[in-house]
Amino acid sequence: MTESSRILITGHNGYLGSVMVPLLQRSGYEVTGLDTGYFRACTLGVDNTGVPEITKDVRAIEPSDLRGYDAVIHLAALSNDPIGNLNADWTRQINAEGTLRLAEMAKAAGIRRFLFSSSCIMYGMSEAAVVDETAPLAPQTEYARSKVVAEEALRALADDGFSPVYCRNGTVYGLSPRMRFDTVLNNFMGSAFTRGRVEVHSDGTPWRPVVHVQDVARYFKLMLEAPLQDIHNEAFNMGVESLNLQVREIAEVAAEAVPGAELIMVPQPGADQRTYKADFSKFSRTFPDFEFQWTARRGAQELYEAFRSIALRYEDFTDKRFTRLRWLGHLIEAGKLDDELRWRTPQLCIA
Ligand SMILES: NC(=O)c1ccc[n+]([C@@H]2O[C@H](COP(=O)([O-])OP(=O)(O)OC[C@H]3O[C@@H](n4cnc5c(N)ncnc54)[C@H](O)[C@@H]3O)[C@@H](O)[C@H]2O)c1
């Protein structure tokens, strides 16, 4: 794949996409975005991402939308566990069936390389010390199940002319123009900065692989450039061992990054005990030269400085624009999205 390759990136208006697009553009790729624009209005700071784009729901794409690309990066999804609890159908239709539809059209259009943004969350509550890519999948939520089903559907399409790769991300953190405060380190940092406290509502023992959004963008670029035989129909846990942290450690990193912030443990019965310690050796074996540039500590420092520069307030941190589930709920209540999570009128997608 050459640097002049034409890339279609779905979900480009989201938290990851808004960081990935500029990185790919700077690297010489010709990038087109495809997104329904649920979170277009949800910017923190300035979004300078300018990119040709198709405003469309992945459930409504047509073969002509896939013409003229060398690779697809598929990020578009309802990306949050609780959204699946709100309405399982939406998560299944968008994340699983939408992926299959997109992949079938990509394959029919002769696009060989298909990068799927998957998740380590599909390992569920594994009691095993570490889970590698061969570990049994035990998805605990509709969101996690949708990623399993999507991977299975892609696997069934893989052949000499179609090479999907399953990028199983940890929990992503770090600064993005389409910020999310509903992921663990971002949430702890927002709380540390605006409330002077980080609260852990569990015993803090569950493991979470965390990864910085800039490193995510960099390894997707790596996947665009990797020899096809190295990635064809392969799943990778994306990360390094040092990125496996327990929730308590993540909270400590956040509390230490903000002068004066305190860490408060609030163990609760029935707290979120999802735990997964990922084995990243397949990734490092396959890509020995790739270096993760961000530690949780460095990322927390970056967030602290960014929050200071925009004087982040508690009202910003808790604003519905930065919690995926609450923002979608708002769009539904305001009558902008219908009961299938489609825009009632196309122009409202600039909500
Ligand atoms: N953020 C994380 O911690 C994390 C971890 C593991 C995997 N992932 C995966 O990475 C991808 C991107 O995550 P993110 O954090 O950027 O999420 P996000 O919610 O910020 O962005 C998702 C984007 O997809 C778009 N989208 C959703 N449904 C759509 C539809 N029906 N049609 C067209 N566009 C649609 C949204 O408008 C949004 O711009 C997702 O597939 C997610 O499951 C994210």
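User: What is the handedness of the crossing where H8 passes H10?

Analyst: Keep in mind that this is a predicted model. H8 covers residues 247-257 and H10 covers residues 296-310, with axes 9 Å apart. As H8 passes H10, the crossing is right-handed.

User: Is H8 roughly parallel or oblique to H10, and why?

Analyst: The two helices pack at an angle of about 40°. Angles under 35 degrees would count as roughly parallel. The H8–H10 angle therefore makes H8 oblique to H10.

User: Which residues of H10 does H8 meet?

Analyst: From the H8 side, the contact uses Val253, Glu256 and Ala257. By class, the residues of this contact split into 5 nonpolar, 1 polar and 2 charged. The partners in H10 are Ala296, Arg297, Ala300, Gln301 and Tyr304.

User: And H3 with H4: roughly parallel or oblique, and why?

Analyst: H3 (residues 88-108) and H4 (residues 142-157) have axes that come within 9 Å and cross at roughly 20°. Angles under 35 degrees count as roughly parallel, so H3 is roughly parallel to H4.

User: How many nonpolar residues does the contact of H3 with H4 have?

Analyst: H3 contributes residues including Ala96, Leu100 and Ala103, while H4 offers Val149, Ala153 and Leu157, among others. The contact also has 4 polar and 4 charged residues. The nonpolar count is 10.

User: How far is a polar side-chain atom of Tyr143 from an oxygen atom of the ligand?

Analyst: Tyr143 is one of the residues that come nearest, out of 29 around the ligand. Tyr143 of H4 also takes part in the contact with H3. Its polar side-chain atom sits from a ligand oxygen atom at 2.5 Å.

Note on methods. Residues numbered from 1 in each chain as written. Predicted model: local features only at pLDDT ≥ 70, side-chain atom pairs only at ≥ 80, totals over all residues. Heavy atoms only, no water. Axes fitted to C-alpha atoms, helices over the stretch in contact; angles between N-to-C directions. Helix = DSSP H or I, 4+ residues; strand = E, 2+ residues; numbered from the N terminus. Parallel < 35°, antiparallel > 145°, perpendicular 65-115°, else oblique. Left-handed = near helix turned anticlockwise from the far one by under 90°. Contact = heavy atoms within 4.5 Å. Nonpolar A, V, L, I, M, F, W, Y, C, P; charged D, E, K, R; others polar. Near = heavy atom within 4 Å. Polar contact = N/O pair within 3.5 Å; in protein donor to acceptor, adjacent residues only side chain to side chain.
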